[in-house]
Amino acid sequence: MSTPLNADVIVVGGGPAGIAAVQALLQAQRRVIWVDQGLRPGGQIWRAGPPAPWALRLQTLLTDPHLQLLSGHAVIAVESQGDYRLRLQNLQQPQANGIAVQAPQLLLALGARERFLPFPGWTLPGVSGAGGLQALVKNGWPVAGRRVVLAGSGPLLLASADTVKAAGAQVLCVAEQAPRASLLGFAAQLPMGKLAQAAGLAWRLRGMPYRPGTWVSRAIGSTQLEAVQLSNGREQWELPCDALGVGFGLLPNIELAELLGCRIEAGAIAVSADLQTSLPGVYAAGECTGIGGVDKALVEGRIAAQALLGASTASLRRAHRQVQRFAELLRQRFALRPDLLQLADAKTLVCRCEDVSLGELKGQRSWRDAKLQTRCGMGACQGRICGPMTETLLGWPAGSSGRGLRAPLQPAPLHCLIDE
Ligand SMILES: Cc1cc2nc3c(=O)[nH]c(=O)nc-3n(C[C@H](O)[C@H](O)[C@H](O)COP(=O)(O)OP(=O)(O)OC[C@H]3O[C@@H](n4cnc5c(N)ncnc54)[C@H](O)[C@@H]3O)c2cc1C
């Protein structure tokens with residue numbers, strides 16, 4: 001076995017939480033291995049690089065001799081606990097063998113992914129996640145002149161609308177499932193900074209139809225998306241369009257924490273006030289401890305790093321309480337309505353990797369049975385998309401106990417699991 005790369009701390013995740021954590025750790029002269037699947041640090045929100053002043057800070061970090069940055073690498077397995085040894089897959093060089101990294105302390109800044117719910121037609125070409133559509137456009141996918149509908153729930157719909165509009169698309173409608181009263185309550189309780197951001201966004205999106213209490217009930221098309229059917233519970237109508245971005249909020253990425261054996265609570269990594277997980281030496285920060293946006297990620301990155309260094313986090317507690325309040329506001333005001341769980345019919349696919357319909361799944365007793373009998377959750381996404389769907393629709397518990405999570409965390413060639 002070859003010698004793993006060593007450091008004092010391994011930080012997994014290159015989003016805002018990871019960046020803030022790495023900054024604090026390097027300031028304290030810790031040797032850091034920083035692993036991220038992305039080609040460069042930035043995470044979901046800062047795909048093209050962070051804005052000032054974080055852009056400058058990041059540049060400084062990247063030249064620090066105590067840092068070993070492994071961008072384009074995914075953690076796929078845990079090889080030892082205590083002195084944590086993780087196995088990485090090199091996503092940029094598929095032929096390369098896997099490498100191992102080892103450190104006594106870990107900081108998980110794993111972020112979140114979009115939540116999907118099935119409805120007839122949701123797998124048609126032309127339908128994507130709302131954040132997924134935004135990511136495609138940020139990476140250069142041409143949408144100029146296309147007619148786009150965004151639907152689902154949460155502020156990400158508006159952020160996506162902003163991106164696709166700036167790229168020249170015609171946004172026909174943003175359908176937000178939360179009722180108007182909920183949204184007014186949300187706006188009324190926003191802190192000043194967020195209110196100013198929201199006002200700027202509202203100005204840029206002026207004239208764009210934003211429909212509260214509305215959801216997509218069907219995507220229509222023979223070989224690709226041609227229209228969406230929208231509903232407000234009283235009436236339904238069709239809207240011809242070329243692209244639909246749909247997302248029902250975000251779900252914390254917890255798989256690596258589950259594999260390590262960290263306690264999970266309400267779908268997020270359970271942490272103490274100092275962001276320590278249930279495992280000694282393992283800390284977590286950002287969306288993976290609960291959905292709350294970029295400000296929560298930045299504050300938590302700093303808190304987790306401070307706590308890991310054994311320093312006081314008292315000066316950050318107030319800021320943490322504020323971002324937690326915002327997280328709670330998001331949770332309450334964008335709660336999903338029960339109508340959304342009734343959209344899929346027996347023929348609607350739930351596991352799109354293995355083509356398993358809701359009707360087939362209703363004949364199974366558990367996630368395990370469904371895997372054995374139908375291959376649900378055994379395709380490329382390894383249950384990341386259909387697992388939460390079956391939990392919501394069929395009540396099958398997710399989490400390692402329910403889903404039987406094991407390494408590798410994502411499909412990987414065999415040579416990634418062995419050393420030279
Ligand atoms: C698709 C999408 C688009 C979004 N767009 C916006 C937006 O425009 N505006 C906004 O305010 N918020 C947006 N968000 C919300 C966003 O999650 C937060 O605002 C912010 O990015 C959270 O920072 P974070 O550091 O917690 O996580 P992230 O930014 O998600 O960073 C987590 C990082 O961890 C990496 N990672 C996870 N698991 C592994 C592993 N096993 N191995 C290696 N690396 C791993 C990921 O690749 C990712 O780079 C978006 C979220 C999603 C899912």
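In this predicted model, domain 1 meets domain 3 through 14 of its residues, which are in contact with 11 residues of domain 3. On the domain 1 side, β5 (73-80) and α7 (255-260) each supply at least two residues of the touching surface. Strand β5 gives the most, with 5 residues. Sorted by class, that side of domain 1 has 10 nonpolar, 1 polar and 3 charged residues.

To place this meeting point, it helps to know how the chain is divided. Domain 1 covers 5-113 + 251-330, domain 2 covers 116-248, and domain 3 covers 339-414. The C-alpha centres of domain 1 and domain 3 lie 28 Å apart.

## The whole chain

Stepping back, the protein chain holds 13 helices and 23 strands. Its C-alpha trace spans about 60 × 55 × 35 Å along the principal axes. A compact globule of 420 residues would have a radius of gyration near 22 Å, and the 21 Å of this chain agrees with that. Of the 420 residues, 42% are buried. Among contacts with a separation of 6 or more, 64% are between residues 24 or more positions apart.

## Around the ligand

Which domains give residues to the shell around the ligand? Domain 1 and domain 2 both do, so the ligand lies between them. The ligand is surrounded by 37 residues, and the closest are G15, G43, G111, G131 and G286.

Several elements each supply at least two residues of this shell, namely α1 (16-27), β3 (32-36), β5, β9 (112-114), α3 (130-138), α4 (156-166) and α8 (294-308). Helix α3 gives the most, with 4 residues. Strand β5 is worth a second look: it supplies residues to the ligand shell and also to the side of domain 1 that touches domain 3. By class, the shell has 18 nonpolar, 15 polar and 4 charged residues.

## A strand with two neighbours

Now follow strand β8 (residues 105-108). In a regular strand the side chains alternate between the two faces of the sheet. Here Q105 and L107 point one way, while L106 and L108 point the other way, and all are buried.

Strand β8 pairs with β2 (residues 9-12) in the parallel sense over 4 bridges. Within this pairing, V9 has Q105 as its bridge partner. Strand β8 also runs parallel to β21 (residues 282-284), joined by 3 bridges. There, L108 stands opposite A284.

## Unusual backbone spots

Most residues other than glycine have a negative phi, and most peptide bonds are trans. The table lists some places in this model that depart from that pattern.

| Site | Backbone feature | Value |
|---|---|---|
| A52 and P53 | cis peptide bond | omega about 0 degrees |
| A407 and P408 | cis peptide bond | omega about -5 degrees |
| Q29 | positive phi, not a glycine | about 65 degrees |
| A266 | positive phi, not a glycine | about 50 degrees |

Where do these sites fall along the chain? P53 lies in the loop between β3 and α2 (54-62), and P408 is in the segment after α13 (399-403). Q29 sits in the loop between α1 and β3, while A266 is in the loop between β19 (264-265) and β20 (268-269).

Are Q29 and A266 buried or exposed? Q29 has 11 C-beta neighbours inside 10 Å, so it counts as exposed. A266 has 8 such neighbours inside 10 Å and counts as exposed too.

## Two residues to find in the view

T374 belongs to helix α11 (residues 367-374). With 19 other C-beta atoms within 10 Å, T374 is partly exposed, because 20 or more would make a residue buried. Not counting residues up to four places away in sequence, T374 touches V356, E360, L361 and Q364. Its C-alpha atom is separated by 35 Å from that of T277, 97 residues apart along the chain.

R318 belongs to helix α9 (residues 317-333). With 9 other C-beta atoms within 10 Å, R318 is exposed. The C-alpha atoms of R318 and G140 are separated by 39 Å, and these two residues are 178 residues apart along the chain.

Key:
Residues numbered from 1 in each chain as written. Predicted model: local features only at pLDDT ≥ 70, side-chain atom pairs only at ≥ 80, totals over all residues. Domains from an automatic or database assignment. Contact = placed C-beta atoms within 7 Å. Nonpolar A, V, L, I, M, F, W, Y, C, P; charged D, E, K, R; others polar. Near = placed C-beta within 6 Å. Rg over C-alpha atoms; globule rule 2.2 N^0.38 Å. Buried ≥ 20, exposed ≤ 12 C-beta atoms within 10 Å, placed from the backbone. Pairing = 2+ DSSP bridges.
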